[in-house]
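Biologist: Before we discuss this protein, could you display its sequence and model? I should then like to put some questions about its packing.

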Amino acid sequence: MPDIAGVILAGGAGSRIGGDKALIPFGPGVLLDAVMARAAPQVVSLAISVAPRSAPAYRGRFGADKPLLFDAAPAVRDRLQGSWRGWNG
């Protein structure tokens with residue numbers, strides 16, 4: 001397997017559904033569990049890009065097992081922030 005790292009973009013506020021989209025119930029877990037299960041076999045490491053305000057919820061769910069990446073400029077609301085952070089680690 002090539003040395004490829006994966007980044008899951010999970011920074012959506014989910015304002016219409018009442019919480020972080022990645023943490024909504026889905027099957028036996030939450031949506032992010034399903035995405036991670038699909039992505040993990042494709043990469044050698046996996047990180048999650050989240051909004052800083054959501055870090056406690058993700059740490060509570062995953063502990064220190066998964067690295068969290070944060071937007072470089074949290075005051076800027078832009079759909080590309082998570083992608084930029086993933087590319088620039």
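Modeller: Among contacts (heavy atoms within 4.5 Å) in the protein between residues at least 6 apart in sequence, 50% join residues at least 24 apart. This is a predicted model, in which local features need pLDDT of at least 70 and side-chain atom pairs count only at pLDDT 80 or more, whereas totals for chains, interfaces and linings use all residues. Residues are numbered from 1 along each chain as its sequence is written, and side-chain values use heavy atoms, with hydrogens and water left out.

Biologist: Which pattern of helices and strands does the protein follow along the sequence?

Modeller: Helices (H or I, at least four residues) and strands (E, at least two) are taken as DSSP runs, numbered from the N terminus. The protein has 3 helices and 5 strands. Read along the sequence, their pattern is β-β-β-α-β-α-β-α.

Biologist: What percentage of the residues in the protein is buried?

Modeller: Buried means under 20% relative accessible area, exposed means over 50%, and partly exposed lies in between (1.4 Å probe, protein chains only). Of the 89 residues in the protein, the buried share is 30%.

Biologist: Why do the buried residues of α1 lie on the same side of that helix, and what arc do they cover?

Modeller: In α1, which spans residues 31–39, the buried residues are L32, M36 and A39. They lie on the same side of α1 because, around the axis, they cover an arc (taken from the directions from the helix axis to the C-beta atoms) of only 70 degrees.

Biologist: Which residues are exposed on the other side of α1?

Modeller: The buried residues of α1 pack against β1 (5–9), β3 (29–30), β4 and α2. On the other side of α1, the exposed residues are A37 and R38.

Biologist: Which residues of α2 are met by residues of α1?

Modeller: The two helices pack at an angle of about 65 degrees, with axes 12 Å apart (lines fitted to C-alpha atoms, for helices over the stretch in contact, with angles from 0 to 180 degrees between N-to-C directions). From α1, the residues taking part are L32, D33 and M36. Their partners in α2 are Y58, R61 and F62.

Biologist: By class, how many charged residues does the contact of α1 with α2 have?

Modeller: Ala, Val, Leu, Ile, Met, Phe, Trp, Tyr, Cys and Pro count as nonpolar, Asp, Glu, Lys and Arg as charged, and the others, Gly among them, as polar. On that basis the contact of α1 with α2 has 4 nonpolar residues and no polar ones. The number of charged residues is 2.

Biologist: Why do the buried residues of α2 line one face of the helix, and which residues are they?

Modeller: Seen down the axis of α2, these residues fall within an arc of 70 degrees, so they line one face. What covers them includes α1, β4 and β5 (68–70), whereas P56 and G60 are exposed on the other side of α2. The buried residues of α2 are A55, Y58 and F62.

Biologist: How far apart in space are L46 and M36, C-alpha to C-alpha?

Modeller: L46 is found in strand β4 and is buried, with a relative accessible area of 10%. Leaving aside neighbours within four places in sequence, L46 is in contact with residues including G6, V7, I8 and M36. L46 and M36 are 10 residues apart in sequence, and their C-alpha separation is 8.0 Å.

Biologist: Is V30 buried or exposed, and what distance separates the C-alpha atoms of V30 and R61?

Modeller: V30 is placed in strand β3 and counts as buried because its relative accessibility is 9%. Leaving aside neighbours within four places in sequence, V30 is in contact with A22, L23, I24, P25 and R61. V30 and R61 are 31 residues apart along the chain, with C-alpha atoms separated by 10.0 Å.

Biologist: With which side chain does the side chain of S54 make a polar contact?

Modeller: S54 sits in the loop between β4 (45–50) and α2 (55–62), and its relative accessible area of 3% makes it buried. A polar contact is a pair of N or O atoms within 3.5 Å; within protein, one must be able to donate a hydrogen and the other to accept it, and residues adjacent in sequence count only if both atoms are side-chain atoms. At 2.5 Å, the partner of the S54 side chain is the side chain of R53.
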